[in-house]
There are 2 protein chains.
Amino acid sequence: MEAIKDNQFFQNLSVLFKPRSVAVIGASSNPDKLGYHVMKSLTQGNFQGRIFPVNPGSEEIMGFPAFSSLEACPESIDLAVIVLPAKMVLDILYQCHQSLVKGVVLITAGFKEIDDPLGAEQQEKLAEYANSVSLPVIGPNTFGMVNLNWDLNASFTPEFSSLKKGRVTLVSQSGGISHLLAFTALNNIYRLGKVVGLGNRLNVDFAQMIDYLVEDPETEVIALYIEGLDRPRELMDKAKRVWGEKPIIALKTGRADSGNQSSMSHTGSMAGSDVIYQGAFRQSGIYRVNTTEEFLDLSQALSVCTLPKGHRVAVLSGQAGPSMAVCDICYDHGLEIVSFTQKTRETIHGYLPPLALRENPVDMGPAWYNSSSVRGIVRAVLEDEKVDAVIILMMFASANRVTIPELSPVLFEWQQKKPVLSCFVAPHGIWDQAIEDMVEQKALVNIPTPERVGKAMAHLWHYSQMINR
Amino acid sequence: MEAIKDNQFFQNLSVLFKPRSVAVIGASSNPDKLGYHVMKSLTQGNFQGRIFPVNPGSEEIMGFPAFSSLEACPESIDLAVIVLPAKMVLDILYQCHQSLVKGVVLITAGFKEIDDPLGAEQQEKLAEYANSVSLPVIGPNTFGMVNLNWDLNASFTPEFSSLKKGRVTLVSQSGGISHLLAFTALNNIYRLGKVVGLGNRLNVDFAQMIDYLVEDPETEVIALYIEGLDRPRELMDKAKRVWGEKPIIALKTGRADSGNQSSMSHTGSMAGSDVIYQGAFRQSGIYRVNTTEEFLDLSQALSVCTLPKGHRVAVLSGQAGPSMAVCDICYDHGLEIVSFTQKTRETIHGYLPPLALRENPVDMGPAWYNSSSVRGIVRAVLEDEKVDAVIILMMFASANRVTIPELSPVLFEWQQKKPVLSCFVAPHGIWDQAIEDMVEQKALVNIPTPERVGKAMAHLWHYSQMINR
């Protein structure tokens, strides 16, 4: 059933993501219950609103007074997170509406994704009701969602609260992929804004999320993980209508037939033909990538970097080997390792000892001991009018320990004029803080390998070509 | 010049990698000097042999009595690490021979890699002399080398001593790539045995390393990072002669023309035509991969897993989404997601609740709360005669916290019969120790993303096809 999405629905959806009060219906003190983990997520984050555990059998949960029902809560509830058994959910939705709840995160599973047709039937009933009262419901069969810029972790995974706040909103059809991406982001000092598990998409589907996120000032990049769509046209139309307003990128699995059965099972939709998706994405301005790594790397690059005006790249490296790996990838993906202007070569000449190369890719190794030389080279290359984008690579060595943090001002200054991506690699604990600070300042997107940083730059260029065609 | 490599040379090469005594010629107490970092590497590792800093201007360096010359050292020296200016090196090589030094790591740069033809000339003189006295020299223009199984860090990078000991020997033409790979291995709980920076390859080239490593009981996988070869035929002949004895894998950069200049500069050889390399590798049983990630992932898989006897893969996952990403990669690379036998389906049926899928890929999510069920499913699938290889995926969630360590015995038991690769992902600090323990026991190769674990399995299969054709 196509949902009716009126203004009220979208107003409610904004409140859902920025609630002042949250009730957990099915909250629990028992670590074996999801209601325990949801409470932990909500209370251990830095959430500034009020939290109301609802459980008729408890007086208090995790230090919060518990209430026997939504109605019993002493103030109005913006968001209800539901972790009760499937058969109780319809009743709870009635109560939500009665109590003027604005939005629901429905974690409960056992609907459209199960073999039993009763599951789909039950979900249809929920959808009908929720639509009739303009109540947006994330889920069912979801881990929940996180809005880091609101310090809201409405999921059963407390660890999501440790994510660095950013401007990338991840909307995903799979809880497993969401966890993979979020944990990888966490381990890689990548930043996310919202992570939304759509689950079975009762009435909040990709299309509704795009409608909302295009208007959301805290979202600068929309990243969709898709397995299959019930109403592909709806998503494509929405995306086309907001063409170029904000980058929309997609990771889509389900090329292999064997995957389809799995998708049917866990989110209740067929994966569909990959070729059709490929064309539809392109026509509607959704930029597709093929792996979780590319998806994360590109999302970060788009949220920090300006788009390259051309395909001419400069590669600056602390060691020659990694720059060769980058040049190979640039070559494979249509980027040019451009020749510098005479002026740039002369400037670099002033910073490097007599026997070093002054051409692109620049081996800055001989300047390691002198951070201001490295800075000078980076600046000269950024100023070169023949250069559209810059990739900087540096593997840790004792001699270059301080180089990274000292690059911060020049990278920050230039990041809005030409895209700069880096691959700074060191054992954990050496550069982490410096990189985190620079990421925080939007001076840096640091990508773990030369091949991935080259690929991310190629994606930036191809994205900009797609969007400007 | 083709080096004469007699028995003496190879005997000396074994001593070079397992010295009882090491002299650092050009040792220093000044952190701005490479001689300082080499001393730090040697002394902060757990090296059991004797260390002799040589520096005529010092009495003592890092608590070790310093000597004015090699000759002045109170006992015979097996390995000399040289960090003196280029013009002094020939003289030092004479002294090494006089003092019965068995092998040299020549860190000094300024030879064949520089623009000035004097550099190449000087290197030729060193080679002539070293060959005439069967003295193996790693370098010049190298970071050095590490033999973790001998607790020997003869490099200017003390951090290499933190690497986990394993059976993969990495032989690399680039210091930067060596650092990238080693740090990535460190951060990813991957294990390495030796990391050898060949630098300008005075008389120890890839071919000599293969000769040595095929006989080296501590090396089970030989991983070559190649930019260009002066005598490709020599390497190919050696590799062909030891066909299948130990896996030899290669990462080769230099596809892009722009990279060639960089390679010429830093290791003194042209990158050459990629297509020719591609064919030559295949004909000589060297398995090529294309990225640093694949190179590391496959090296680890080959050092732990038995080779798959066929291409029929089972995918077991804690969440459905990541298994779809794996199935896509398997599909792209010619692996089959096989149907289980009836017996296996029935066994799985006993472990999973009524509504879960029992087919490949198996979503084990519903069994999370019960580690013994997960173990039972894994065992049933490993026992299925239709299954040649198994991939297990699990994203952390509170409910599966203990699942990983409890899989250890079954994985350890089966790893020698069928290859098992995993992708267990959690925020740092949650599963690290459990994964480290399992990696230590050779029960596990844990690869960071579903796509990479699928690709590594495909490489295992394609490697086994290449080697058995």
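## Charge and overall form of chain A

Lys and Arg are counted as positive, and Asp and Glu as negative. On this basis chain A carries 41 positive and 50 negative charges, and the mean positions of the two sets lie 5 Å apart. The model is predicted.

Chain A comprises 16 helices and 19 strands. Its radius of gyration is 24 Å, which agrees with the value near 23 Å that a compact globule of 469 residues would have. Along the principal axes, the C-alpha atoms of chain A occupy a box of roughly 80 × 50 × 40 Å. Of the 469 residues, 65% count as buried. The accessible surface of chain A is about 16,000 Å², and carbon and sulfur atoms contribute 51% of that area. Among contacts in chain A with a separation of 6 or more, 76% are between residues 24 or more positions apart.

## Asn360(A) and the cis bond to Pro361(A)

Asn360(A) is placed in the loop between helix 12 (342–351) and strand 17 (362–363) of chain A. Pro361(A) is found in the loop between helix 12 and strand 17 as well. The peptide bond joining Asn360(A) and Pro361(A) is cis, with omega at about -5 degrees.

Asn360(A) counts as buried because its relative accessible area is 5%, and the cut-off for buried is under 20%. A polar atom of the Asn360(A) side chain lies 2.8 Å from the backbone oxygen of Val313(A). A polar atom of that side chain also lies 2.9 Å from the backbone nitrogen of Val315(A). Beyond four places in sequence, the residues touched by Asn360(A) include Ala314(A), Ile337(A), Val338(A) and Phe340(A). The C-alpha atom of Asn360(A) is separated by 59 Å from that of Ala120(A), 240 residues away along the chain.

## Helices 7 and 16 of chain A

Helix 7 (residues 232–241) contains the buried residues Glu234(A), Leu235(A), Met236(A), Lys238(A) and Ala239(A). The buried residues of helix 7 pack against two helices, helix 6 (206–215) and helix 9 (274–283), and against strand 12 (221–226), strand 13 (248–252) and strand 14 (286–289).

Leu460(A) belongs to helix 16 (residues 450–467) and is buried, with a relative accessible area of 0%. Leu460(A) is 152 residues from Pro308(A) in sequence, yet their C-alpha atoms are 7.0 Å apart. Residues up to four places away in sequence aside, Leu460(A) touches several others, among them Leu298(A), Leu302(A), Cys305(A), Pro308(A), Pro419(A) and Leu421(A).

## Ser422(B) in strand 19

In chain B, Ser422(B) lies in strand 19 (residues 420–425). Ser422(B) has a relative accessible area of 0% and is therefore buried. The side chains of Ser422(B) and Asn446(B) are joined by a polar contact of 2.7 Å. Other residues touched by Ser422(B), more than four places away in sequence, include Ile392(B), Leu444(B), Val445(B), Ile447(B) and Val453(B).

## Backbone features in loops of chain B

A cis peptide bond runs from Gly139(B) to Pro140(B), with omega near 0 degrees. Pro140(B) is located in the loop between strand 7 (137–138) and strand 8 (144–147).

Met62(B), a residue other than glycine, has a positive phi near 50 degrees. The loop holding Met62(B) runs between strand 3 (60–61) and strand 4 (64–65), and the relative accessible area of Met62(B) is 30%, so this residue is partly exposed. Leu100(B), also not a glycine, has a positive phi near 65 degrees. Leu100(B) lies in the loop between helix 3 (89–98) and strand 6 (103–106), where its relative accessibility of 55% counts as exposed.

Technical notes
Residues are numbered from 1 along each chain as its sequence is written. Chains are lettered from A and ligands numbered from 1 in the order in which they are written. This is a predicted model: local features need pLDDT of at least 70, side-chain atom pairs count only at pLDDT 80 or more; totals for chains, interfaces and linings use all residues. Side-chain values use heavy atoms; hydrogens and water are left out. Helices (H or I, at least four residues) and strands (E, at least two) are DSSP runs, numbered from the N terminus. The radius of gyration is taken over C-alpha atoms; the globule rule is 2.2 Å times the number of residues to the power 0.38. Buried means under 20% relative accessible area, exposed over 50%, partly exposed in between (1.4 Å probe, protein chains only). Contact means heavy atoms within 4.5 Å. Accessible areas come from the Shrake-Rupley method with a 1.4 Å probe; for residues, only the protein chains shown count as cover. The place of a charge is taken as NZ of Lys, CZ of Arg, CG of Asp or CD of Glu. A polar contact is a pair of N or O atoms within 3.5 Å; within protein, one must be able to donate a hydrogen and the other to accept it, and residues adjacent in sequence count only if both atoms are side-chain atoms.
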